[in-house]
Amino acid sequence: MEKFTIHARAKATLSGKSANAITGVVASGNLEILFERKGDSLDVTVDVMTASHGYQPVWEAVIKDFVERVSPGGMHIAIHDNGARPDTVLLRLMQGARLMEAQS
Amino acid sequence: MIPENVMNEPSWYESSARARINGLLDADSFSEILGPVDRVMSPHLALFDLPPAFDDGMIIGRGSIDGRSVAVAAQEGQFMGGTFAEVSGAKLVGLLRAVARSAGTPQAVSTVFLLLDTGGVRLQEANAGEMAVSETIRAILDVRKAGVPVVALIGGRAGAFGGGGLVTACCSHIIISEQGRISVSGPEVIETNKGVEEFDSRDRALVWRVTGGRSRVLLGGADAYVKGDIASFRKSAAQVSNSVPSFSLQTLEQEQERLEQRLQAYGGCRDTPEIWTIAGLPTPDGIADLTEDEFIRLLAKEGIRHDAR
Amino acid sequence: MTDWTKQRKERARRLEEVASLVSGKVVQPASVTPLLERIICSGDRVCLEGDNQKQADFLAECLTQVDPSQVHDLHIVQSGLVLSEHLDLFRLGIARKLDFSYSGPQSSAIARALDQGKIELGAIHTYIELFARYFIDLTPNVALIAAVSADRNGNLYTGPNTEDTPTIVEATAYKNGIVIAQVNKIVDEVPRIDIPGDQVDFIVEAPKPFYVEPLFTRDPGAVTETQILMAMIALKGIYAEYRPRRLNHGIGFATAAIELLLPTYGEQLGLRGEVATHWALNPHPTLIPAIESGWVQQIHCFGSEVGMDRYMSARPDVYFIGHEGTLRSNRLLCQNAGLYACDMFIGSTLQIDLAGNSSTVTPDRIAGFGGAPNMGSDAHGRRHVSDAWLKAGHEAAGHDGPLVRGRKLVVQMVETFGEGMKPAFVEELDSIALARKLGMPLAPVMIFGDDVTHIVTEEGIANLLLCRDADEVEQAIRGVAGYTPVGLARDRAKVEALRQRGVIRRPEDLGIDLLQADRNLLAARSIRDLVTWSDGLYAPPSKFRNW
């Protein structure tokens, strides 16, 4: 297991009212992502716990792209990964952001 | 363009445990207990270098179906095979005990739904898992004794095997789909212990002929058979009546007798088509290949001969 | 005086040798090994029929039992080296030299045997390339083939899996060779004559029906969201742009996803009747929904597929069906159709380099080529035109005109990371290292970069037709290589410039939202759904069932 935290700064906070949301499942080649809204700052923190070793630079690249695309300021994101590929990670991140943007 | 008989709705088999709960309950009615943000997770998996899940693969809470208050627990079959373990077991047992205790009070629920999807006990937490299974069984019986029905919904990828098969059989009502499977020893376990001649676990048609939804409901191991979409599960779940089948010594004695008769009639059979032949079902070899509508018509004609529920 | 009939005399001599072992053309199963020992001579070229689907497995087993001191140094010339018995021939010293096309499950064993010097490799061919050499310099002396049934005169019915048989028999029988067929049953009258009896010397009723591998069945239940996204990108960015009506699909999950999206997403795009109407294709079960929805007019098949026979028999307007009612497949003719009569090939691979060359070879696996290099190459002998073909040619040339010929669309679909997080994009193909190790003068390349027109990944489309030099090709490929080391090393400015020119098109450039890629878009989400679509006519093998 490898654990690390990635910090990023978004251009804007994520809209929507959901306090938290979870997407995905810790299955083989998959991951679960928990989004929690932590105030109005533009900071984004991502705690990654992954079963695959040695991919931190790839995670950093994926999360950089995600933050650029979605601007999820104020989000604390926690990930349990069981060997998901980057495309799956990005897809789940986008799905999670969509859930957080829900208005109720 | 997709024909009516090809399911185009969200499927129970494919969905996550959370999606099943959302489809089963009235919209936005689910209120989770010990949800992901509480981070009540397995303390053991890290020892095995395995990632945990925020909910340990067991999602519990309250909600409503058609406005009636219900309790619900769902296993995530894709996480560690939906296994019974220390935390997931404690969550389930706690929910059941709370339901039993609240029976007759303003907090009472009308029904408990168990969305089981499990290969049995989690090997990494085997002792705790075995205890969780037995505590769950005890708790289910207490809930039933308190007059609250416990309904199992079986149609997930992992089926209901090992302790999950036992837990299912203790429920007061079982709803199953074609993909659903219920058994104690799983196909691989039988093959490992008794040889491939006894049971070829890779012969998937055989596995489903023996453990699958159609066979289970025809033999009385389930009370309702539904198509595999979430909406059909919801519809069937909503129809489960509030009245609880009696749960007495007499019921169990009658059931024992029924099972003895069943063993006498079918005990020598090697495969289900032999059973269907003796039972006089039309096209005994083709039960698995009937369309869903054809099978549901057959079932309506045959009626359900159910177990102690 | 030159003797011009040496081969004929040799054939007669061999037939005479086995006269005591046969009754007419019929050989008893127990007599097959002694018969092979007398009728095959050391050094012979032998075709032991086997391809990616059907196998003359009983004859293969008998051949492994011949005495290697009597029969040795055989030269095996066959399309598929698939059974363990095929490798045993080399291990036991019965065979020495090999010319083949495809190895599939034996790909690791072949690599090992080559490494240990057990096999003297002639060449790895494509199917039609090997068939072509059957008529030039690799003509079999003896062909051991498989059919469903035979009559006592040796007329053969091959059933839906005709595949290579007519080609093998043509080359062998008309060049003084000997043809021996294993059949599932000897009957009074065959339902249809696929091989005339005068081309067949001996028949044997095998103890078990010949083996057929269900190679083309893709379970819709295993199609991922990423593959659905790629299928949407391909449908909108390639099918809708070029409108190829005549095509071949590979056997990967991404192309299966396309097949399953035709009746849903393809319908939304208004493409029914406009694309994918005529096919050179094995009987893919995942195409059933599109066929049932009226997308497909005609399909010619290389071979058959386990479980599809009854469905195809009931759809004679679509498939090629004998007058007796079952599929007639033919690998040679269908490969030729794929080469010359199709406007598009779309398939997957394991590795792609920076020039677009692709290969399925890894350091310890030689899977062979099969048909992909022919499906996935521009036929320079093509002279008829179609809109799709011309559009591709004009894009490549940068202009049109009476002397600008078209191009076949050759599309590679790959997920940027394969199994075990192995990147699909590499600086150098593993096959080059393998060629160095084995001293091969030409590295095994499935499809050369100069034939590839588009690469589709979950990151988008790289249109190589629009690239004007090697550097543009490289950056276009890096641009869709995602988070692989090759992708991360892209020149961001150049990639952005290529995107402005439409050389690279991202999902959002095509108006596709990542989150639209949902399994509910699939016309069938399970094998069970395919059975329902087929009206119960498709009978999948047990290993694909979950009911």
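Leaving aside neighbours within four places in sequence, Val151(B) is in contact with ten residues named here: Thr111(B), Val112(B), Phe113(B), Leu114(B), Cys171(B), Ser172(B), His173(B), Ile175(B), Ala237(B) and Val240(B). The model is predicted. Val151(B) belongs to strand S5 of chain B, which covers residues 150–154. Val151(B) counts as buried because it has 22 C-beta neighbours inside 10 Å, and the cut-off for a buried residue is 20 or more. Ile176(B) is 25 residues away along the chain. The C-alpha atoms of Val151(B) and Ile176(B) are separated by 11 Å.

Arg39(B) is found elsewhere in chain B, in the loop between strand S1 (31–33) and strand S2 (58–65). Its phi is positive, near 50°, although Arg39(B) is not glycine. Most residues other than glycine have a negative phi. Arg39(B) has 13 C-beta neighbours inside 10 Å, so it counts as partly exposed.

Chain B touches chain A through 13 residues, which meet 14 residues of chain A. On the chain B side, nine of these residues are nonpolar, two are polar and two are charged.

Chain A contains two strand pairings of note. Strand S1 (residues 2–9) of chain A pairs with strand S4 (residues 43–50) of chain A in the antiparallel sense. Eight bridges join S1(A) and S4(A). Within this pairing, Lys3(A) stands opposite Met49(A). S1(A) lies largely in the open, because the number of buried residues among its eight is zero.

Strand S2 (residues 20–24) of chain A is mostly covered, with four of its five residues buried. S2(A) runs antiparallel to strand S3 (residues 30–37) of chain A, and five bridges join the two. Ala21(A) faces Phe35(A) of S3(A) across this pairing. The two strands form a hairpin with five residues between them. In the turn, Gly29(A) has a positive phi of about 75°.

Chain C also touches chain B. The contact involves 18 residues of chain C and 19 residues of chain B. Two elements of chain C give two or more residues to this side: helix H9 (253–268) and helix H19 (527–533). The chain C side divides into five nonpolar, seven polar and six charged residues. The segment after H19 of chain C holds Asp535(C). Asp535(C) is not glycine, yet its phi is positive, near 65°. With 14 other C-beta atoms within 10 Å, Asp535(C) is partly exposed.

The domain assignment divides chain C into domain 1 (24–205) and domain 2 (220–529). Their C-alpha centres lie 32 Å apart. Domain 1 of chain C gives 30 residues to the contact, and domain 2 of chain C gives 27 residues. On the domain 1 side, at least two residues each come from strand S5 (95–102), helix H5 (107–115), helix H6 (127–134) and helix H7 (165–173) of chain C. H5(C) supplies the largest share, five residues. By type, the domain 1 side has twelve nonpolar, 13 polar and five charged residues.

Helix H8 of chain C spans residues 225–242, 18 residues in total. From its first C-alpha to its last it reaches 25 Å. This is close to the 26 Å expected at 1.5 Å a residue. H8(C) nevertheless has a kink of about 30°, centred on Leu235(C). The helix is largely enclosed by the rest of the structure, because 16 of its 18 residues are buried. Arg243(C) follows H8(C), and its phi is positive, near 55°.

Helix H12 (residues 331–340) of chain C also has buried residues. They are Arg331(C), Cys334(C), Gln335(C), Ala337(C), Gly338(C) and Leu339(C). An α-helix has 3.6 residues a turn, so residues three or four places apart point the same way. The buried residues of H12(C) pack against two helices of chain C, H6 and H13 (372–375). They also pack against three strands of chain C: S11 (246–249), S12 (278–280) and S13 (298–300).

Note on methods. Residues are numbered from 1 along each chain as its sequence is written. Chains are lettered from A and ligands numbered from 1 in the order in which they are written. This is a predicted model: local features need pLDDT of at least 70, side-chain atom pairs count only at pLDDT 80 or more; totals for chains, interfaces and linings use all residues. The expected span of a helix is 1.5 Å times one less than its number of residues. The bend at a residue is the angle between axes fitted to the seven residues ending there and the seven starting there. A residue is buried if 20 or more other C-beta atoms lie within 10 Å of its own, exposed if 12 or fewer, and partly exposed in between; C-beta atoms are placed from the backbone. Two residues are in contact if their C-beta atoms, placed from the backbone, lie within 7 Å. Ala, Val, Leu, Ile, Met, Phe, Trp, Tyr, Cys and Pro count as nonpolar, Asp, Glu, Lys and Arg as charged, and the others, Gly among them, as polar. Domain bounds come from an automatic or database domain assignment. Two strands pair if DSSP finds at least two bridges between them.
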